[in-house]
Amino acid sequence: MKRDQWMISQIFASGLIVLSLSGCRHKDIDFENVPMQEVKIAFDWSNAPEANPQSMMVWLFYDPEESPDSTLRFDFNNNVGGAVKIPYGSFSGLAVNSDNSDWAHFRNTENIETFEIYTREIASLPASGMRTRALPRAREAEEETMVETPQSIWSGRNDNMSLKREEREKTFTFLPEEITCHYTVDIYNVSNISSIDGTAIDATLSGMSGGFYHGKGESTDTRHTLPFILTKESEEDALHGEFLTFGESPKTQNPHKLGLYVIMADGNKYFYNYDVASQIYDAPDPKNVHIVVHGLSLPEPVSGGSGFTPDVSDWESINIDINM
C-alpha cells in the first residue's frame, strides 16, 4: 500500500463511486482496517433549480484532532447522490460538479479553507490562434497572466457533519449553487464592420480573478486577463460576446480594461482598449454583468491589401473613452 494515497472502488446502485484517502504527515492511516459505515450523500438543487450537471464529486475533511490531514473524495456519475462508506468521526464537506470540467485545475485541496479551483494559462487566442506573448496589452494589464475562462461550476459546503457508531441510516445533504459569474459584452455602432476579417474577433477583459475558494465561497485575490470571442452582428453594426468568470477579487477593486484585437480584411491590425471598471463596479448584480460600449470607428480598408501573418505585423494601439 502506498504511503500517501489509497484508492477503494465500489459500485453502488447510484453509480460508480471512487473513494481516495490521503494519509497524515506523521503516520499512515490504514483506512482498510478502520471501521466504516454506509451513509447517503444527497444533493439538493433548491439554490440552483436550472442546474443539471451530469456528475458530482464530494470531498470530506475530517477533524484534524481525530484524523490529521485525512481527506476523502467520492465521485458520483449523477447529480442526485448515493451510498458511500466512511469512517466514524467529525468532518466538513464540499460538493462540486465534475462534468465538463477538463479545463478545471485544483490545488491546496487538503484543507477546506484553501481548496481552490483555477484555470490554466493560455498560449494563444481562441478566435485567431495568435500567440498571446506577441500581443499588445492594455495599460495596467501588461504583467497579468492570460488564462482560460471557466465553465459553469456549482458548489456547496456542509459543516459540522459527524457519524457515530450507534447511528444508522444517516444522510448528508449538500445545497450547491452556481459560483461562476455571467459577463456579456455588447459594442454598438461599429463603423466599417464589414471590413473585419472573418466573422469574429478576439477580445480580453483584464483585472479578473483567476480562481475561486470553494470553502470560503469567494474569488481569489488575483489579477488575470480573460480572453473571449466577439461575434459580428453585421445587420446591427454590432459585436456581441458572452463568457463566464470567477468575478472580481472580494478585497480589491482592480482596474478593468476591455481589449479588442481587430484584424481587417486588408491585413492591418488594431488593438482598441476601453476602461470598463465603472461598469463592473456599479453592476446591479455582480453575478450578471453587462458591459456596453457605444461607438467603434474602424478605418476604411486599404485596397489591394496583402492579408496578414499572425504575430508578425505590427499592431496599432488605440485607447478610447467610453460614451455611455
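**Salt bridges, a small sheet and a buried valine**

E113, R157 and D159 are joined to one another in a network of salt bridges. The model in which this network appears is a predicted one, and a search of the whole structure finds 8 salt bridges. The points below take up some of these pairs, then an open sheet of 4 strands, and finally V190, a residue of strand β14.

**Salt bridges**

- Side chains of opposite charge can pair when their charged atoms come close.
- Within the network of E113, R157 and D159, the salt bridge between R157 and D159 brings their closest N and O atoms to 2.8 Å apart.
- R157 is partly exposed, with a relative accessible area of 32%, and D159 is likewise partly exposed, with a relative accessible area of 32%.
- Another salt bridge is formed by the side chains of D75 and R73, with an N to O distance of 2.9 Å; D75 counts as buried at 17% relative accessibility, whereas R73 counts as partly exposed at 28%.
- E144 and R223 also form a salt bridge, in which the closest N and O atoms are 3.2 Å apart.
- This pair links distant parts of the chain, 79 residues apart, since E144 lies in the loop between β9 (116-119) and β10 (145-146), while R223 lies in the loop between β17 and β18 (224-233).
- E144 is buried, with a relative accessible area of 8%, whereas R223, at 34% relative accessibility, counts as partly exposed.

**The open sheet**

- Strands of a sheet pair through backbone hydrogen bonds, either parallel or antiparallel.
- In this model, 4 strands form an open sheet in the order β8-β9-β16-β17, and the pairing is antiparallel.
- The edges of the sheet are taken by β8 (104-107) and β17 (218-219), each of which has a single partner strand, so one side of each is left without a neighbour in the sheet.
- Strand β16 (residues 211-213) runs antiparallel to β17 and is joined to β17 by 2 bridges, and F212 stands opposite S219 in β17.

**V190 and its surroundings**

- V190 belongs to strand β14, which covers residues 181-191, and V190 is buried, with a relative accessible area of 2%.
- When neighbours within four places in sequence are left aside, V190 is in contact with D237, A238, L239, L296 and L298.
- The C-alpha atoms of V190 and H294 are separated by 8.1 Å, although the two residues are 104 residues apart along the chain.

Technical notes
Residues are numbered from 1 along each chain as its sequence is written. This is a predicted model: local features need pLDDT of at least 70, side-chain atom pairs count only at pLDDT 80 or more; totals for chains, interfaces and linings use all residues. Side-chain values use heavy atoms; hydrogens and water are left out. Two strands pair if DSSP finds at least two bridges between them. Buried means under 20% relative accessible area, exposed over 50%, partly exposed in between (1.4 Å probe, protein chains only). Contact means heavy atoms within 4.5 Å. A salt bridge is a side-chain nitrogen of Lys or Arg within 4 Å of a carboxyl oxygen of Asp or Glu.
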